[in-house]
Amino acid sequence: MMKRFKCMYVFVVVLVSAFTYGQESLKMFVKESKVPCQGVGPMECLQVKYDKDKEWQLFYDHIEGFNFEKGNRYEIMVTRTKRPEPIPADASSYQYKLKSIISKTPVNTEKGIYNTKMILTQLNGKKINSGKAFITINDETGTISGKNGCNNFNVKYTKLSAKNQIKTNSPMGTLMACNDESMKLEQEFSAAITKKKFKIVKKNNTVQFKNAKNKVVMEFSIPTQDQLWSFIEKNNWKLIALENVGQDYGRASIKFNVAEKKVSGNTGCNNFSGTYETNDDRISFDKVASTRMACIGEGNETEQKVLSYLNNKDLRFDVADQTLNFYLNDKLVMMFGITK
């Protein structure tokens, strides 16, 4: 009987070890705002610190069960588990799951020039209308990141003694090739921001980077919600990526009527229409109805996925470099590009 008990004990120990292998509990601090980042596609990342970290770092993953609310700083416990092989190409090595929220503290911060997307409108005295260059200044990490006309970049900066004066280092970024116009803008922008001293001046929705002679080197505009939706409304948007898979999705598209709060388009199979509501960067669709033409194969699969996201009430959106992006649980699920 004793021998049988020992065998059962060993079996239980082995079973428990199997369940806990590769799993650990971590304390994590989550900052009150997200910042633009680049995963498989454009997205926004949480900013986190682990228990003994001093600096915030970008967090590209999803924490199952954690519903982040902007404007609140969190202290949470999470379970981190090693993801079983094979690991998908667009996934990290770990899976995260919320264990508990230790604290949730509202943080009132003045938006100002920090953690705000700013679009380049003037460079060395020349007007820039392409919208292909934009930045976000992160005061916590001391970095300026964004797009320089062609590639994504980030550059470290240090604050000088005078208020709103900074000194930049050399930028780092991706090395993608673009058309001549975009490459020329990138070269001029990179030269303008590399190892320079600036005084940053904000007036309403305009932000200027001035040199020591008080000359405006770069000027940026902070889009208002009205400007953002005016841009979204005037364009036709074609689906170019679904769940991080970029390909031709046929007629799949979306179009907005801001005045009437209506949305319409094609699911890849049928036409659809409905209404929508927004709250800051949140968007929810309602009364979405579609025609009932039967489709088979890829068109039917695309339709099912698109309709499932349009009927989800927890979508976020942004516009980045001529794309309209929709996120669910911090993952980019649908990307639309401008089409004529």
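This report walks through some strands, helices and salt bridges of a predicted model.

## Strands around β12

Let's start with strand β12, which spans residues 152–159 and runs antiparallel to strand β11 (residues 143–148), with 5 bridges joining the two. Within this pairing, Ser-145 has Asn-154 of β12 as its bridge partner. The two strands form a hairpin with 3 residues between them, and Gly-149 in the turn has a positive phi of about 120°.

β12 also pairs with strand β13 (residues 165–168), again antiparallel, through 3 bridges. Here Lys-159 is partnered by Ile-166 in β13. This pair makes a hairpin too, with 5 residues between the strands; Asn-164 in its turn has a positive phi of about 60°. Strand β14 (residues 172–173) is joined to β12 by 2 bridges, and these strands run antiparallel. Asn-154 turns up once more, as its bridge partner in β14 is Met-172.

## Two helices and their buried sides

Helix α4 covers residues 298–310, which makes 13 residues. From its first C-alpha to its last it reaches 18 Å, close to the 18 Å expected at 1.5 Å a residue. Its buried residues include Gly-299, Thr-302 and Glu-303, and Val-306, Tyr-309 and Leu-310 are buried as well. Looking down the axis of α4, the buried residues fall within an arc of 135°, so they line one face of the helix.

Helix α3 (residues 225–234) can be read in a similar way, with Leu-228, Trp-229 and Ile-232 buried. These residues cover an arc of only 90° around the axis, which puts them on the same side of α3. Turn to the other side of α3 and you will find Asp-226 and Lys-234 exposed.

## Salt bridges across the chain

Side chains of opposite charge can pair when their charged atoms come close. The model holds 12 salt bridges, counting a side-chain nitrogen of Lys or Arg within 4 Å of a carboxyl oxygen of Asp or Glu. One of them joins Arg-80 to Glu-24, with the closest N and O atoms 2.4 Å apart. Arg-80 sits in strand β6 (residues 72–82) and Glu-24 in strand β1 (residues 23–30), so this pair ties together parts that are 56 residues apart in sequence. Arg-80 is buried, with a relative accessible area of 18%, whereas Glu-24 is partly exposed at 33%.

Another salt bridge brings Lys-104 and Glu-69 together, the closest N and O atoms being 2.9 Å apart. This pair links distant parts of the chain, 35 residues apart: Lys-104 is in strand β7 (residues 94–106), and Glu-69 is in the loop between β5 (63–64) and β6. Lys-104 counts as partly exposed at 41% relative accessibility, and Glu-69 is partly exposed with a relative accessible area of 36%.

## Back to β12, and a network

Lys-159, whose bridge partner in β13 is Ile-166, also meets Asp-139 in a salt bridge through their side chains (2.7 Å, N to O). Asp-139 lies in the loop between β10 (133–138) and β11, while Lys-159 belongs to strand β12, so the pair ties together parts that are 20 residues apart in sequence. Asp-139 is partly exposed, with a relative accessible area of 33%.

Finally, Glu-243, Glu-301 and Lys-305 are joined into one network by salt bridges that share partners.

Methods. Residues numbered from 1 in each chain as written. Predicted model: local features only at pLDDT ≥ 70, side-chain atom pairs only at ≥ 80, totals over all residues. Heavy atoms only, no water. Pairing = 2+ DSSP bridges. Helix = DSSP H or I, 4+ residues; strand = E, 2+ residues; numbered from the N terminus. Expected span 1.5 Å × (residues − 1). Buried < 20%, exposed > 50% of the residue type's maximum accessible area, 1.4 Å probe, protein only. Arc of directions from axis to C-beta.
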